[in-house]
Amino acid sequence: MIRPILIHPDPRLKKPCEAVGEITPEIRALAADMLETMYDAPGVGLAAPQVGVTKRVVVMDCIKDGPPEPIVMVDPQVVWASEDVTTYEEGCLSIPDQYAEVKRPASVRVAWTDLDGLRQERDFTGLWATCAQHEIDHLDGKLFIDYLGPLKRQMITRKMEKLKRERARG
Ligand code: K1U
Ligand code: ZN
């Protein structure tokens with residue numbers, strides 16, 4: 001099922017999410033819906049708070065051409081980050097049509113629980129590393145615009161408020 005994606009500003013996007021712990025049928029259904037919603041958008045990642053669920057679940061697939069490579073991460077943690085940083089022009093499905101350069105560690109090691117309840121650990125580089133950090137930020141109530149200066153952030157927030165007013169009017 002495709003779930004509606006919340007648009008910034010929304011208090012649910014600013015709230016730190018709660019740990020999941022045990023994998024339940026509800027978590028498996030949430031992950032399936034999130035993957036469907038991400039592919040439909042389309043996007044390369046999605047975090048549970050973006051569909052209004054403040055639990056620590058993210059999905060990602062940064063393969064643009066070729067067979068899909070979906071990853072579901074429950075309770076993900078960055079356990080190591082490289083000293084070298086990279087700049088990527090980020091977007092966000094909760095901040096449509098707005099892009100800005102964000103500097104982050106170029107490589108990260110992430111540990112998470114998979115849908116079989118097994119703990120996984122993997123190193124990510126390139127867009128995968130940027131996306132994993134962007135999604136884990138969502139779980140901590142942080143958006144990519146929080147890395148920008150106050151003027152740019154305010155300008156984007158005002159555009160999103162206008163977009164939401166227009167969408168509400170229909
Ligand atoms: O979390 C999100 O809002 C998803 C976001 C993830 C992301 C994108 C770029 C850098 C870091 C994190 C998106 O997927 S925005 C859409 C996007 O990047 C895209 C859409 C279609 C094809 C390829 C990329
Ligand atoms: Zn985002």
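**Close-up views of a predicted model**

**View 1. The hairpin of strand 6 and strand 7 in the predicted model.** Within this hairpin, 5 residues separate the two strands, and Gly117 adopts a positive phi near 80 degrees. Strand 7 comprises residues 119–125, and its antiparallel pairing with strand 6 extends over 7 bridges. Arg119 of strand 7 has Thr113 opposite to it.

**View 2. Strand 6 and its pairing with strand 3.** Strand 6 covers residues 107–113; because 6 of its 7 residues are buried, the strand is largely enclosed by the rest of the structure. Strand 3 (residues 71–81) runs antiparallel to strand 6, and 5 bridges join the two. One bridge partnership is that of Val78 with Val110, the latter lying in strand 6. Strand 6 therefore appears in two antiparallel pairings, with strand 3 and with strand 7, and its burial rests on the count of 6 residues out of 7.

**View 3. The coordination of the zinc ion (ligand 2).** The ion is coordinated by SG of Cys92 and by the NE2 atoms of His134 and His138, at 2.1 to 2.3 Å. Along the sequence, these donor residues follow the spacing C-x41-H-x3-H. Both histidines, His134 and His138, belong to helix 2 (residues 126–139), where they are 4 residues apart, about one turn of the helix. With a relative accessibility of 7%, His134 falls below the 20% limit and so counts as buried. His138 is likewise buried, its relative accessible area being 1%.

**View 4. The surroundings of ligand 1.** There are 16 residues around ligand 1, of which Val44, Gly45, Gln50, Leu93 and Glu135 come nearest. Two of the polar contacts involve the protein backbone: a backbone N or O atom of Val44 lies 2.7 Å from an oxygen atom of the ligand, and a polar backbone atom of Leu93 is 2.7 Å from an oxygen atom of ligand 1. Glu135 contributes through its side chain, an N or O atom of which is 2.6 Å from a ligand oxygen atom.

**View 5. Helix 1 and the strands against which it packs.** Helix 1 spans residues 25–40; at 1.5 Å a residue, its 16 residues should extend over 22 Å, which agrees with the 23 Å between its end C-alpha atoms. The buried residues of this helix are Ile27, Leu30, Ala31, Asp33, Met34, Leu35, Thr37 and Met38. They pack against strand 1 (45–47), strand 2 (57–60) and strand 3.

Methods. Residues numbered from 1 in each chain as written. Chains lettered and ligands numbered in written order. Predicted model: local features only at pLDDT ≥ 70, side-chain atom pairs only at ≥ 80, totals over all residues. Heavy atoms only, no water. Buried < 20%, exposed > 50% of the residue type's maximum accessible area, 1.4 Å probe, protein only. Pairing = 2+ DSSP bridges. Donors = N, O, S within 2.8 Å, 3.2 Å for Na, K, Ca; no water. Expected span 1.5 Å × (residues − 1). Contact = heavy atoms within 4.5 Å. Near = heavy atom within 4 Å. Polar contact = N/O pair within 3.5 Å; in protein donor to acceptor, adjacent residues only side chain to side chain.
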